[in-house]
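Good morning, and thank you for making time for this presentation. I would ask you to keep the sequence and the structure in view while I speak.

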Amino acid sequence: MTNSSFLLFSQAKDLILQTAKSIKCSQIESIKSSNAVNRINAKAITSPINVPSFNNSAMDGYVIRQADLANSHSIRVAGSVFAGQKQSVDWPQNSCLRIMTGAQVPDDSYAVIMQENVQRVDDHISFDASQIKAKQNIRYIGESVKAGSEIFSAGEKLTITKLTTLATLGINDVTVYQPLKVALFSTGDELTSIGEALTSPNSIYDSNRFTLSLMLKALGCEVIDFGIIKDDLTLITNTLKQAAEQANVVITSGGVSVGDADYTKMALEQIGEINFWKIAMKPGKPFAFGKIGNALFCGLPGNPVSALVTFDQLVRPLIAALYGRNDETPLFTLKTVSDLKKSVGRVDFQRGHIFSNNEGELVVESTGEQGSHITSSFNHANCFIVLEKDRGNIKQGERVTVEPFDSYLL
Ligand code: AMP
Ligand code: MG
């Protein structure tokens, strides 16, 4: 059943993005492009050169003038042009030139004929003139990129392929956003840091801080780790204050629900402007969002699957927006080969696995148990199966919406 006190997932996301867009918290810096993989570009990049920067041959072959089409039964090869060759070659009328891929073509060239399409006898070639089209196999100046044209805008992620484009333009330095500073801590008396021995039979490992830290770093953030904070109002309040002084964003996990030890809510009511939301999403119903001083605050639920899903669905877009980016992942629909349990009233982000069936059709299967504590549901997942709020149980063969994992989760 839909409960009117629940916020729709789309409303929560819109509110978060609106807040992020009104804030500019990133400083910029100039770095070598070789150190810029996955950093966020902060200034529009225009090309300093034309690409290609000169007309050149796309093939190993022979370059001819238009008048030579009439001599196609036999034409003399007057010389050769190589890639990188500095001097121009002497090219008498009524002759052609042997030319290599990437070599500069002379100004009055009509076309380059692939060497496979000519018959060569000693220093003469013949070819079928009816097959030759003007400009064929010639790469013209500026055809790929015009000098002065914009290549990448601010907010784009400098992936390896984008940096490759910059390398073809000789660009060695880029202006990027400095990493956002994100303070992170977990709350809970039951938590032990990984690497330490569990202190009691009731303690568990603090996997959330580990995971959230990895995800933040993968998104280019600098993590300020405040560790595990006990379920104690004063400790939590003081840590939140300190964290907000040092960071652009403060992220916590646990303690945002309605249990007796959920002190994060009380602490925030004293020192921040926070909204506690019950979002109509599964997993991840309790979520807190707001500000402490100048820092934005996200309070994630404690259950590990919920923490991971709410981070991916709400915090990742927030971080992207703070960098001036729009991080929408494309959604599409596929047939499910599993029955899916779903109750009406909340949007579900189930973990799924897209694969190609025996007929070569892409389909999706469930990864099994979907409880918010079952992190193994991620083990062989490569997507979310996004089941709309008003849908109920789903039978195999029905079409469902899938959202492939962003590359940082794979
Ligand atoms: P809470 O939101 O604090 O009520 O926690 C909900 C559930 O998540 C409880 O079973 C907690 O033990 C568990 N949990 C809370 N924080 C973490 C954490 N950092 N790592 C792993 N599990 C956690
Ligand atoms: Mg707790």
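**Lys230 and its surroundings**

Setting aside neighbours within four places in sequence, Lys230 is in contact with Asp189, Leu235 and Ile236. I should say at once that the model before you is a predicted one. Lys230 sits in the loop that runs between strand 16 (222-229) and helix 4 (233-246). Is this residue buried, exposed or partly exposed? Lys230 has a relative accessible area of 42%, and therefore it is partly exposed. Its C-alpha atom is separated by 8.5 Å from that of Ser186, although the two residues are 44 residues apart along the chain.

Let me now step back to the overall division of the chain. The domain assignment gives domain 1 (7-27 + 178-322), domain 2 (36-49 + 149-177), domain 3 (56-139) and domain 4 (332-409). Between the C-alpha centres of domain 1 and domain 2 there is a distance of 32 Å.

I turn next to the nonpolar interior. In soluble globular proteins, nonpolar side chains tend to be buried together. Here the largest nonpolar core has 47 residues, and the members that touch the most others are Ile251, Phe287, Phe311 and Ile319. Which helix gives the most to this core? That is helix 6 (residues 304-322), which supplies ten residues. Another core, of 19 residues, lies apart from it; among its members are Ala183, Ile224, Ala244 and Ala267.

Ile251 merits a closer look. Beyond its neighbours within four places in sequence, Ile251 is in contact with residues including Val182, Ala183, Leu184, Phe185, Leu212 and Leu216. The contacts of Ile251 also include Cys298, Leu300, Phe311 and Val315.

Two further residues can be placed in helices. Thr264 belongs to helix 5 (residues 263-271). Its relative accessibility is 0%, so Thr264 counts as buried. Leaving out neighbours within four places in sequence, the contacts of Thr264 are Thr187, Ile236, Thr252, Gly254, Gly255, Val256, Phe276 and Phe297. You may recall Ile236 from the contacts of Lys230.

The second is Arg209, found in helix 3 (residues 207-218). Why does Arg209 count as buried? The relative accessible area of Arg209 is 11%, and buried means under 20%. With neighbours within four places in sequence left aside, Arg209 is in contact with Leu184, Phe185, Ser186, Ser193, Asp225, Gly227 and Ile228. With Ser193 there is also a polar contact of 2.8 Å, side chain to side chain. By contrast, Leu235 is 26 residues away from Arg209 in sequence and 18 Å away in space, C-alpha to C-alpha.

Let us move to the ligand. Which residues come nearest to ligand 1? Of the 15 residues around ligand 1, these are Glu190, Asp206, Gly255, Gly302 and Asn303. Gly255 has already appeared among the contacts of Thr264. The side chain of Glu190 has an N or O atom 2.6 Å from an oxygen atom of ligand 1. For Asp206, a side-chain N or O atom is 2.7 Å from a nitrogen atom of the ligand. Ser207 takes part through its backbone, with an N or O atom 3.3 Å from a nitrogen atom of ligand 1. On its own, ligand 1 has 480 Å² of accessible area, and the protein covers 75% of this.

Finally, some points of backbone geometry. Most residues other than glycine have a negative phi, and most peptide bonds are trans. Where, then, are the cis peptide bonds I wish to show you? One joins Val51 and Pro52, with omega about -10°. Pro52 lies in the loop between strand 2 (45-46) and strand 3 (56-57). Another cis bond runs from Lys282 to Pro283, with omega near -5°. In this case the proline, Pro283, is in the loop between strand 19 (281-282) and strand 20 (286-292).

As to positive phi values, Asn38 has a phi near 70°. Asn38 is in the loop between strand 1 (28-32) and strand 2, and it counts as partly exposed because its relative accessibility is 35%. Asn94, with phi near 60°, also has a positive value. Asn94 lies in the loop between strand 5 (75-81) and strand 6 (95-99). The relative accessible area of Asn94 is 52%, so this residue is exposed.

Thank you for your attention.

Definitions and conventions
Residues are numbered from 1 along each chain as its sequence is written. Chains are lettered from A and ligands numbered from 1 in the order in which they are written. This is a predicted model: local features need pLDDT of at least 70, side-chain atom pairs count only at pLDDT 80 or more; totals for chains, interfaces and linings use all residues. Side-chain values use heavy atoms; hydrogens and water are left out. A nonpolar core is a set of buried Ala, Val, Leu, Ile, Met, Phe, Trp, Tyr and Cys residues joined through side-chain atoms within 4.5 Å. Buried means under 20% relative accessible area, exposed over 50%, partly exposed in between (1.4 Å probe, protein chains only). Helices (H or I, at least four residues) and strands (E, at least two) are DSSP runs, numbered from the N terminus. Contact means heavy atoms within 4.5 Å. A residue is near a molecule or strand if one of its heavy atoms lies within 4 Å of it. A polar contact is a pair of N or O atoms within 3.5 Å; within protein, one must be able to donate a hydrogen and the other to accept it, and residues adjacent in sequence count only if both atoms are side-chain atoms. Accessible areas come from the Shrake-Rupley method with a 1.4 Å probe; for residues, only the protein chains shown count as cover. Domain bounds come from an automatic or database domain assignment.
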